[in-house]
Structures are given as structure tokens and as C-alpha cells.
Amino acid sequence: MVNMPKPKKSPTSAPVMAATIEPKVSPKNSTTISPSRAPTISNTRAHKGELPETQKSLRELTELYPDFPFKVMLKIDVQRRGVIYTKAALEAVDPNIHMTTVSSDYYDKEDLSPVSLIMDDGTSIFTEGFLADTGLAPYTVDFDGHNRYLCDGDQILAKVWYWEKPDYYFKKTSRGTPMWKLVSARPQRLTIHPYQFCDFWKKAGCGCKFCVMAANFTSSRKEATVALDEILETVYEAVLEPGRNQSIFLTGGTIISGARPLDDELELYLTILKGISNLFGGRKFPSQLISTAFSLDQVKRLYYETGLTTYTADIEVLNQRLFDWICPGKSQLIGYEEWKNRLEAAVSVFGRGNVNTGLVAGVELAQPKGFKSEYDALEATLSEARKLCQRGVWVVGCVWRILTGSVFFRQKPPSLEYYVRLAKGLDSLRREYDFLPDQDNYRRCGNHPDTDLARI
Ligand code: SF4
């Protein structure tokens, strides 16, 4: 029997992985939505009046946007609305095969529900974390004895699989720590979170308003800094698995301290990256760091002293006023314009195409200070993204998942149509400015609907 969390009163208020319902998959008798495709990508700019503030359904949008891949649209909607598992779907979890535990800078998940989902074309659907009650009914994962399906009511929408755990996951370090607690995994990536808190949360009102780092750190009672020698021991073990890993990824919260601001954060990453570089004979290896926006001197040390190949500093929202409101810590320490300047400076070190920035896409519509219209939000975001592309920095978005524990937990998500238009817009910009989204593609990351579009 799997260890099922307590059901909540109503499906709409259920945490992502909490509720269980009776199995209902019956493929023969259920209706299905056919993936609708057309060969062209067109009309990627919004026209005034064409982006109504209504919540059109997935079915309606597949007809309105026949050129948009159905599975990517489904992925977006599952991340907006959340997902729950039937009893049968939970009983179909095999913890010896599937990933059920994960340690991230957001939380340690230790129950026996699946960490996340993947579809047959390699499209991942991230379902970690606890969605707040936004009033949207979650999707359901069900199991018919042979296959697992994503369902919306009686409609079967797609076959899904649970992420499989890597070989190193349940091994222990020489000090006896389970390796999954030191390095987490995605289907084709190793993920390292060496600092699991963020200094912006040490000063009242400075944490990013969509972020759950502080809430989860307090409840998890984790150590803020993970033992670096054990991280390296785990990486050394993890890379022995043939054919699994595409890249190694590092990220964590901001560390403000040091001789110059952020020097201690830099030193932490330098130590780990140098240790991993040794494993590869001191050469460059496929890798990505998402850090606070380092100065040019700091970025040079990352590039010249380690094997790191790509660099990211997430600006989160592409608007000065909203950046100041939503990310006050980043705003006070570095500032919106300087953040962009530092990204551009990083391009001069890592090279064009190897530096990008991430958006918590949709957070620009948070109220009361966000855009009042989805049309205006889309125009403004894509316009700023274009300016960054012109400076050599490309932009990725992930779906803003409104999480319990964040300041924004009472907000409402943008429409699915907004995300469809934004993903098309970011993908179009990358094509226009000739960027390949390798550092954040479906294999190395998998959390960006816009980079999913690059391969379909
Ligand atoms: S920088 Fe912002 S989003 Fe990142 S961990 Fe700190 S508070 Fe959270």
C-alpha cells in the first residue's frame, strides 16, 4: 500500500498531491480530445481585443490555436490547475522504480506520491509543491491496470508516466546521508541546491512574493548549507549511470555576505563547480548555474576557474515597477536596470546563447499593482524580452504556480490563453534572434513551455 496523504474536503482546495478519489478510467467509454496540429506557427503577436480576459477551456483553445502543440498546452494547464491522484494511480507507484522523494531548495518531499509526470514525447509536467486554492479544479491522474492517464472529468487527455528515479538515489554517502537529499534529479539532469535558504527572507518584506523558500525552510528544519563534500561524493556516484544525465545544474537562495556583496554565494558555487570539474579532468562540462546576478568580475571567476558552460540570473518579471514590488530584495541589492546590465556583461564572458534569464510568467498580472489587462501584460513582457534578446540575453518563462506559503497565495492565475500567447511569443523571439534554447530545453530542464516549442 502506498502512503496516501489525508484527503481534503473539496477537490478544489486539495493540495497538489493530497486527495484521492475512486478509479474511473475506462478508456473504451471515455471521450478524448484529439491533439490538433497545424504545420505553421503564425500570428505570435497579440492584437488588441484578441486576448479576452475569460478563461477559455483547453478544448476551445486547441481549436483557436491549432498550431500550438496539444501536449504543451496541456502541460501549462496542469501546472495552473494542479493534479490529484486516484487511489489506483497511487497504488501504481513503485518507489523502487519511480521518483517519490526529492530534496529541493523549496522543500523535502518524502511521501510516496510521484514527484512529477512525463508524456510520451518527453514533455515533462512539474507537479511538485502545494498549490494554493485558486478556485480551479485540478486534473486527475488515473490508472486502468495498464497505463496512467491524465483526465479532466470523464475526458482522458493523455497517457502519462511517473518520473523514474536514478540509480544513485537510495545509496548513502560515506557519512550515511541518503544521496537523494544531496543531489536531486530530473529525468535527464542532476540538480544541486547547496544553499537552501535565501538572505532576502532575513529582512522583513524583502523575499520575492511568489516564493515559498522561507515558509518551507522554517517548516522543514533543514540545514541552510548542504555539506559540500557529500554533494561531490553524490555527483561522482550519479554520473556513473550510463545514458541518464544531460547536464548538471546548480541553484540556491541569495547569499548577500562577503568582501563584496554576493562573494560568499560565489565562493560556494566555485567550490562545488571546481570539485565537479576535477571529475571531468578540469574541462568544461554541460552545466547551468542560476544565481543572483553577479558582477562582471564575479562572472569571470565562474567562467575561468570552473567547467561551467552556461549562466542564468532570473529577473522574474520584466517590468521595473513590478520588479520593485514583487522582488524587493533583488531590487534593493541590485536593481532592475543593473540586473539587466549584469546579464549583458555575462554574455561577454560566457558567449552569446549561453546566458539567459527566467520569468515567473504570469506574476506580472498579480494584483493590486500588476497589469490589469492580459493584453497589456503580454505586450509589455514581450517588448522587454525583445530588448534583452537584442543585448544577447534570451528569456524563458515557467508557469506561475500559486503556492501555499507564498505572499501571493491568494492571487488568481492568468488564463491558459495568456500562457499560450506568451510561450509562442518567447519562442518566436528566440527564433528571430537565432538563439538555441539548449541550456533550458526539454531534456536539460523541461519546465518551460516556450522551450518545448523549439522541438515540435
Ligand atoms: S531570490 Fe527571490 S525567488 Fe529566489 S529564493 Fe530568494 S526570495 Fe525566493
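How many bridges join strand S4 to S5, and do they run parallel or antiparallel? I looked there first. The model is predicted. I found three bridges between S4 (residues 116-118) and S5, and the two strands run antiparallel. I noted one pair by name: Leu117 stands opposite Ile125 in S5.

**Entry: the six-stranded sheet**

I then traced the sheet that holds this pair. It is open, with six strands in the order S1-S6-S7-S8-S4-S5. Its pairing is mixed. I checked the edges next. Strand S1 (83-85) and strand S5 (124-126) stand there, and each has a single partner strand, so one side of each is left without a neighbour in the sheet. I also took the turn between neighbouring strands, which averages 40° with direction ignored.

What lies across this sheet? I found helix H2 (residues 70-81) across S1, S5, strand S6 (139-143), strand S7 (148-152) and strand S8 (155-162). H2 runs at about 10° to S5.

**Entry: the seven-stranded sheet**

I moved on to the sheet of seven strands. This one is open too, and I read its order as S9-S10-S11-S12-S13-S14-S15. The pairing is mixed. Strand S9 (184-186) and strand S15 (394-399) are the edge strands; each has a single partner strand, so one side of each lacks a neighbour in the sheet. The twist averages 25° from one strand to the next.

I looked closer at the S15 edge. Strand S14 (residues 355-361) pairs with S15 in the parallel sense, over six bridges. For Asn356, I found Trp394 as the bridge partner in S15.

**Entry: two backbone details**

I went through the loops for unusual backbone geometry. Gln367 and Pro368 are joined by a cis peptide bond, with omega about 15°. Pro368 sits in the loop between S14 and H11. I also noted Leu262, which has a positive phi of about 80° although it is not a glycine. Leu262 belongs to the loop between strand S11 (247-251) and H6.

**Entry: H6 and its two partners**

I took H6 next, starting with H5. Helix H5 (residues 228-238) and helix H6 (residues 263-279) pack at about 30°, with axes 10 Å apart. That angle makes H5 roughly parallel to H6, because angles under 35 degrees count as such. The crossing is right-handed. I listed the contact residues: Leu228, Ile231, Leu232, Val235 and Tyr236 on H5, and Thr271, Ile272, Gly275, Ile276 and Leu279 on H6. By class I have eight nonpolar, two polar and no charged residues in this contact.

Then I checked H6 against helix H7 (residues 296-305). They pack at an angle of about 10°, and the axes are 10 Å apart. H6 is therefore roughly parallel to H7. From H6, the contact uses Leu266, Tyr269, Leu270 and Lys274; from H7, it uses Gln298, Arg301, Leu302 and Glu305. Here I have four nonpolar, one polar and three charged residues.

**Entry: H11 and H12**

At what angle do the axes of H11 and H12 cross? I read roughly 20° for helix H11 (residues 374-390) and helix H12 (residues 416-432), and the axes come within 10 Å. So H11 is roughly parallel to H12. Their crossing is right-handed. On the H11 side I listed Glu374, Leu378, Thr381, Leu382, Ala385, Arg386 and Cys389. These meet Tyr418, Arg421, Leu422, Gly425, Leu426 and Leu429 in H12. I have eight nonpolar, two polar and three charged residues in the contact of H11 with H12.

**Entry: the ligand**

Last, I looked around the ligand. Which residues surround it? I found Cys198, Phe200, Gly207, Cys208, Cys211, Met213, Gly253, Thr254, Cys327 and Gly329. What is the make-up of this shell by class? I read six nonpolar and four polar residues around the ligand, and no charged ones.

Technical notes: Residues are numbered from 1 along each chain as its sequence is written. This is a predicted model: local features need pLDDT of at least 70, side-chain atom pairs count only at pLDDT 80 or more; totals for chains, interfaces and linings use all residues. A residue is near a molecule or strand if its C-beta atom, placed from the backbone, lies within 6 Å of it. Ala, Val, Leu, Ile, Met, Phe, Trp, Tyr, Cys and Pro count as nonpolar, Asp, Glu, Lys and Arg as charged, and the others, Gly among them, as polar. Axes are lines fitted to C-alpha atoms, for helices over the stretch in contact, and angles run from 0 to 180 degrees between N-to-C directions. Helices (H or I, at least four residues) and strands (E, at least two) are DSSP runs, numbered from the N terminus. Angles under 35 degrees count as roughly parallel, over 145 as roughly antiparallel, 65 to 115 as roughly perpendicular and the rest as oblique. A crossing is left-handed if the near helix is turned anticlockwise from the far one by less than a right angle, and right-handed if clockwise. Two residues are in contact if their C-beta atoms, placed from the backbone, lie within 7 Å. Two strands pair if DSSP finds at least two bridges between them.
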